[in-house]
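Colleague: Have you got a minute to walk me through this one? I'd like to get my bearings before I go back to the bench.

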Amino acid sequence: RNRGLVGAAGLVTLALVTSAAAASWSAVEARAARDDAEREARLKGAVHEFMHEALTSARPDEDTTMRAFLDAASTGVEDAYDGEPLVEAEVRDMIAWMYGELGLYEDSERQYAATLALRESALGSEAPPVVEARQSYARALEHAGKGSLATELYRDVLAAREAVLPDGHAEVLEARNNLALHLMHRGELAEAEDLLRDVVALRERRGEAGSEDHVTNLNNLALVLTHAGQKAEALELERRVLAFEEERDPDGEHALIARSNLAWDLLDTEPAEAVEHFRHVLAGMRELKGEDHPYAFIATHALATGLVRVGEVEEAVALYMDAIGLATDALGETSNDRLALMSNVAVVLQNHGRLAEAGPLLREVVELRRATLGEGEYDTILAIHNLGWQLWKEGDPEAGEELLREALALWQAHAP
């Protein structure tokens, strides 16, 4: 969470959200929708069989990447299960999840779209496995930077679950949580806050305070409150979250994420304390996940941002450049998180008069945003706007004004 910089990707956006890949209809309604236990076993067996055969045929060696394996597997799945759409959908769902774990969000999106189409054609639009696929597809669209396309899907998932499940059912609460986070990213904070307050209050009435799901919802409510400017309450909730998480596992992933979230909200008032928290998080993530894990680059980015606030600009810029390199290696040059990070770095460089270093970053961001998202997405419009200001500051006001006018026109045409 990086307020004040442009298009930031905060640590919280990669975790403390109920996993779409793990979501399942665990109640009787879900099992009934899968026809019978034999079919479900067949679907799960198909995933195991296909992945085993694909791995065997790939003969991985040091020159074989996981992406190459997944690309080959996704190409062969249609022929492998011709005439068996539910089996093919199950295999594609696994491939999509694996692409997402690698940060290859556009590939993940395509596979989830195929999964959804296959299940809808075989089961209709309201069957639980179709609703699951719709939620996974929405999450993939959001990770790929196509949030405007995901809103209807998130609402459809919630409506479908509310129609067949009681109000306090875990799947209903999960859908409200996920819709709330999506709405937060879209700037619809009032509705997001209402959804999460309802979920948190319901869990506390049921005696679930301190449970994993309750802490997740509490964290997400704090995040929404921070975006809405309700800083004091957000800080109180974040300290509660950190206490819960450290009681469970003081060196674990969730405790580190909770500490990072608290640090972000301390940054404006207690920047030195925030930097110490960020250093703790970076060291912990490197030890827990490794130097090249996406969480490590996000934690690097967070520490760099804190260092800017306390005036340690040289160390900050060096860390920012390290983070860009890590993001490129881990996620690819077109990943949404990498491009958001580049935008942040460029703004920092601009603010410290280092225009020659900022310009190439912003030009690359605009080029890749246009190519991957198109003109109407918020992140593309923001990138065009930022480059316009860069050109103005570089001494080319005509070119700068042209881009600023373009960004304004696109915003007026596409704003929610």
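Modeller: Happy to, so let's go through the fold, the cores and the charged pairs. Keep in mind that this is a predicted model.

Colleague: Noted! How many helices and strands does the protein chain have?

Modeller: The protein chain has 19 helices and 0 strands.

Colleague: And what share of the residues is buried?

Modeller: Of the 416 residues in the protein chain, 52% are buried. The chain exposes about 18,300 Å², and carbon and sulfur atoms supply 50% of that area.

Colleague: What about contacts between residues far apart in sequence?

Modeller: Take the contacts with a separation of 6 or more: 61% of them are between residues 24 or more positions apart.

Colleague: Switching to the inside, which residues touch the most other members of the largest nonpolar core?

Modeller: That core has 94 residues, and the ones touching the most other members are Phe278, Met285, Leu303, Tyr320, Leu341, Val345 and Leu361. There is also a second, separate core of 11 residues, which includes Leu70, Ala73, Ile95 and Met98.

Colleague: Let's pick one of those. What is leucine 303 in contact with, beyond its neighbours within four places in sequence?

Modeller: Leucine 303 contacts Val275, Phe278, Arg279, Leu282 and Leu319. Phe278 is itself on that list of residues touching the most other core members.

Colleague: Okay, charges next. How many salt bridges are there?

Modeller: The count comes to 33 salt bridges. One of them joins the side chains of glutamate 120 and arginine 134, at 3.0 Å from N to O. Glutamate 120 is in helix 5 (residues 105–123) and arginine 134 is in helix 6 (residues 128–143), so the pair links parts of the chain 14 residues apart.

Colleague: Are those two buried or exposed?

Modeller: They split. Glutamate 120 counts as partly exposed because its relative accessibility is 31%, whereas arginine 134 is buried, with a relative accessible area of 7%.

Colleague: Is there another pair worth a look? Where do arginine 161 and glutamate 174 sit?

Modeller: The side chains of arginine 161 and glutamate 174 meet in a salt bridge at 2.4 Å, N to O. Arginine 161 sits in helix 7 (residues 147–164) and glutamate 174 in helix 8 (residues 170–185), 13 residues apart.

Colleague: Why do both of them count as buried?

Modeller: The cut-off for buried is under 20% relative accessible area. Arginine 161 counts as buried because it is at 0%, and glutamate 174 because it is at 7%.

Colleague: What about glutamate 246 and arginine 259?

Modeller: Their side chains form a salt bridge too, at 2.6 Å from N to O. Glutamate 246 lies in helix 11 (residues 231–248) and arginine 259 in helix 12 (residues 253–266), so the pair ties together parts 13 residues apart in sequence. Glutamate 246 is partly exposed at 28% relative accessibility, while arginine 259 is buried at 13%.

Colleague: Which residues are linked in a network of salt bridges?

Modeller: Arg67, Asp71, Asp107 and Arg110 are linked that way.

Colleague: Last one, I promise. Where is asparagine 336, and what does it touch?

Modeller: Asparagine 336 is found in helix 16 (residues 336–351). It counts as buried because its relative accessibility is 16%. Not counting residues up to four places away in sequence, asparagine 336 touches His143, Ala144, Gly145, Arg369 and Asp379.

Colleague: Great, thanks for the tour!

Conventions: Residues are numbered from 1 along each chain as its sequence is written. This is a predicted model: local features need pLDDT of at least 70, side-chain atom pairs count only at pLDDT 80 or more; totals for chains, interfaces and linings use all residues. Side-chain values use heavy atoms; hydrogens and water are left out. A nonpolar core is a set of buried Ala, Val, Leu, Ile, Met, Phe, Trp, Tyr and Cys residues joined through side-chain atoms within 4.5 Å. Buried means under 20% relative accessible area, exposed over 50%, partly exposed in between (1.4 Å probe, protein chains only). Contact means heavy atoms within 4.5 Å. A salt bridge is a side-chain nitrogen of Lys or Arg within 4 Å of a carboxyl oxygen of Asp or Glu. Helices (H or I, at least four residues) and strands (E, at least two) are DSSP runs, numbered from the N terminus. Accessible areas come from the Shrake-Rupley method with a 1.4 Å probe; for residues, only the protein chains shown count as cover.
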